[in-house]
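Hi there,

Here is the structure I promised to pass along. My notes on the helices and sheets follow below it.

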Amino acid sequence: MHFVKKVPTTEQEKAAKAKEHAKRSQQFLHVRDRIFAKRDKGEYDDELLSLTQGVLEKNADIYTFWNIRRTTIEQRIEANDKIQKDSEASDEEKTKSAQKIENLLAGELFLSYECIKSNPKSYSAWYQRAWVLQRQTSPDYAKELALCEKALQMDCRNFHCWDHRRIVARLANRTEEQELEFSNRLIDENFSNYSAWHYRSIALQNIHRDAATGMTKIDDALIGSELQKVKNAFYMDAEDQSAWTYTRWLLEVGSGKEFLRPESSSPIELISASFHGNNTTLVFSRAVTIPFLLTFVDTEDTTRWRAFSSTSPDPTSSRVWQYLSDSPLRVVTSQSTDENVTWNELTDDRYVNKSRLETIYDIVEAKEPEYIKELLEDCHQLIQLEPKNKWPLYMRTLVLLEYQPIRSHDEIILNLKNLAENLDSKRAELYKSLLSRQKLNHSIREQFERLIGKEHDQLVVRYAELTSLEGVEFLAGLVGNADFQGNLLTEIHRIVLPNLHNLTISENPIERLSPTPSLSHLTFLSIAGTQISEVSSVMPFFQTTPSLDRLIFCETPLVEKTEELRAQLPGVRLIPHWL
C-alpha cells in the first residue's frame, strides 16, 4: 500500500516464507496432477468435484478446472434426462434424480458466489454462474439481479458484473425500458458512474434502432431530455468526465459530420468522377476496395486500377482510385432500382456530389435545435466559473464545430489552441489536427464554387498555419494546381492529389521530399524557402516524378548544391535564384 513503511525482512523470515511457499506449491501440484489423471481416465465423479472445488476456493481464475466441473455436471444432467425419458422409471426416481441436479446446480451457484466474494473480477466465476442459470429449471433471476446490484455498489465499473447482468436481463426477459430505468437509478445515486451512462446509451440504441436498416436515430425531443439529465451532473462536478462523454455520444447519434463520427458509421457515397486524359479518377466518402468500386463503373477489368493513400504506398482500400486508360469510363451516379440505373458520361463533363462536399467542408451550417442553444450557454457559464477545466470548453467547441463552423470559426480556432497549449496538452496533436482541418475548410469554403466549376482547377491555401492536409483528398478529381505556401507542413508524401501538375509548398518547414505515387504527374514544383539542404533528401522523390520540367528552390540551403542537383536532373529547368 502507498505510504506504508516497509519493514525489513530477516533472512530467517525469508527462508520460512520460501519453505511455506514450496510446501503449498507441492500440495497444489499434487492435487492438480490428481485432477488431470482422473480427467484423462474419464472419472468425472464426486471426488473430482471435491478436488476442483478445493483449488478454486483458493484461486478462482483456473478456468480449466471450471471446464472440468462443467463436463462433470453435464454428464449428470444427461443421465437425468435419460431417467426422465425412461418409461420404466418410477415418479419417485424421476423426482429424486431431478432434485439431485437442482441441488448440484445450486451448490455450483454457492461455490461461484464464494469465489466472487474473494475475487469480484473473476471472469471464470461469473461465467460459471451464467452457465448454471441457463440449466436450472426455475432460476431465481430476481436474486441474481440483486447480487449484480450489490456487486456494482462495491465497484460500479466491474465490467465482469455488467456483462453478467446483461446475460441475466436477457434470460429474465427484461425490457430495454426496464434496463433504462435501472441505469437511471444508478446514475441518480452516483452521476460519476461511467458504466451506468454507457449502459444507458446501449439501452437507448436498442430501443430506437430501426429494424429495417439497423441504424439508431434518436429524435431531438429525447436528446433534449437526456441533456437535461446530464446538465445536473455538469453543475455538480464539471471535472467529472462521465456525463461529458455521454453528451458527446448524444451529439454523435444525430450528427452527419465527419469529425465526431467514426468513418465506418458514415454511408459510402461517390464524391466525384472525372476524366483526365489518361485516367478516370473516382473519389469516395470512405475507403473502398476494387470489387466495391466496380459496381459504379462500366468495366469488370481489375488490372488497371491504382489506389492512393496518405498512409500506404500501395493500398488495397482507398478513397481515391484511378483507372488507367485513354478512354473515360461510364459511371453510375444515381441508382433507384436494379432495372433503372443512371449512367454519367465523363467525356465532356465530370460528376460532382455537391451536397456531400458541402457537408464535408462545412459549406452550409446545420439547423440548430433549441437544446443545442441551451448546451452552448451551459458550457459558456461553466467556462466562466471554471476557466481551467477542459471539459466545458471541449464540449462547446465540438458543438460549434457541428452547428456553427462558419459563424464561430474564430472562436473555434481560439478554443482549439487553448485546449492544445494549456488545458489538455496531452492531446495536443488531436487539437492541432482539428485546428488544421478547420483552417483548410475555411479556405475551401472561400473557393468552393470555383473548385466545383469547370473553368478552374486551382486550390490556394496560403499562410493558414496548416500542419496537415487531411481532408484535401476529397478534391482529388478536381484539383490540378495547388499552392500551400507559408504553412507548417513538414512532409508532402501525405498529399493525396494524384492529378496535380503544379505544386507550391514554399516556406514550409520541410527538410526532405519522400517519394509518393500521388504526385508522380508533377511538371512544376516550388520548394523555395524550405529547409532542404541535401541532394540526397530530394532525389528519391524526383525519381518518381518523370514529368517534372521546372523546379524552384530559391532561399534554401540546397542552392549551394545546385551543380550537384543539375547533374542528377539534367532535363529539369532549375531556378535557384529569384529573377
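Before the helix pairs, a word on terms: angles under 35 degrees count as roughly parallel, over 145 as roughly antiparallel, 65 to 115 as roughly perpendicular and the rest as oblique. This is a predicted model, in which local features need pLDDT of at least 70 and side-chain atom pairs count only at pLDDT 80 or more, while totals for chains, interfaces and linings use all residues. Residues are numbered from 1 along each chain as its sequence is written, and side-chain values use heavy atoms, with hydrogens and water left out. Helices (H or I, at least four residues) and strands (E, at least two) are DSSP runs, numbered from the N terminus.

**Helix 11 and helix 15**

The axes of helix 11 (residues 241–253) and helix 15 (residues 390–403) cross at roughly 5° and come within 11 Å. Axes here are lines fitted to C-alpha atoms, for helices over the stretch in contact, and angles run from 0 to 180 degrees between N-to-C directions. Helix 11 and helix 15 are therefore roughly parallel to each other. Helix 11 brings Gln241, Trp244, Thr247, Arg248 and Leu251 to the contact, and helix 15 brings Trp391, Pro392, Tyr394, Met395, Leu398 and Val399 (contact means heavy atoms within 4.5 Å). By class, the residues in this contact of helix 11 with helix 15 are eight nonpolar, two polar and one charged. For the classes, Ala, Val, Leu, Ile, Met, Phe, Trp, Tyr, Cys and Pro count as nonpolar, Asp, Glu, Lys and Arg as charged, and the others, Gly among them, as polar.

**Helices 4, 5 and 6**

Helix 4 (residues 91–118) and helix 5 (residues 123–133) have axes that come within 9 Å and cross at roughly 160°. That makes helix 4 roughly antiparallel to helix 5. Their contact involves Leu105, Glu108, Leu109, Ser112, Tyr113, Cys115 and Ile116 of helix 4, together with Ala125, Trp126, Gln128, Arg129 and Val132 of helix 5. In the contact of helix 4 with helix 5 there are eight nonpolar, two polar and two charged residues. The crossing of these two helices, 4 and 5, is left-handed (the near helix is turned anticlockwise from the far one by less than a right angle; clockwise would be right-handed).

Helix 5 also packs with helix 6 (residues 141–154), at an angle of about 165° and with the axes 12 Å apart. Helix 5 and helix 6 are therefore roughly antiparallel to each other, and helix 5 passes helix 6 in a left-handed crossing. Here Trp126, Arg129 and Leu133 of helix 5 meet Tyr141, Glu144, Leu147 and Ala151 of helix 6. The contact of helix 5 with helix 6 has five nonpolar, no polar and two charged residues.

**The sheets**

One open sheet has five strands in the order 3-4-2-1-7, with antiparallel pairing (two strands pair if DSSP finds at least two bridges between them). Strand 3 (305–308) and strand 7 (351–352) are at its edges with a single partner strand each, so one side of each is left without a neighbour in the sheet. Strand 3 and strand 4 (residues 318–324) run antiparallel and are joined by four bridges; Trp305 has Tyr323 in strand 4 as its bridge partner.

An open sheet of six strands has parallel pairing and the order 8-9-10-11-12-13. Strand 8 (458–460) and strand 13 (573–575) are the edge strands, each pairing on one side only. Strand 10 (residues 502–504) pairs with strand 11 (residues 524–526) in the parallel sense over three bridges, and Asn502 has Phe524 in strand 11 as its bridge partner.

Best wishes
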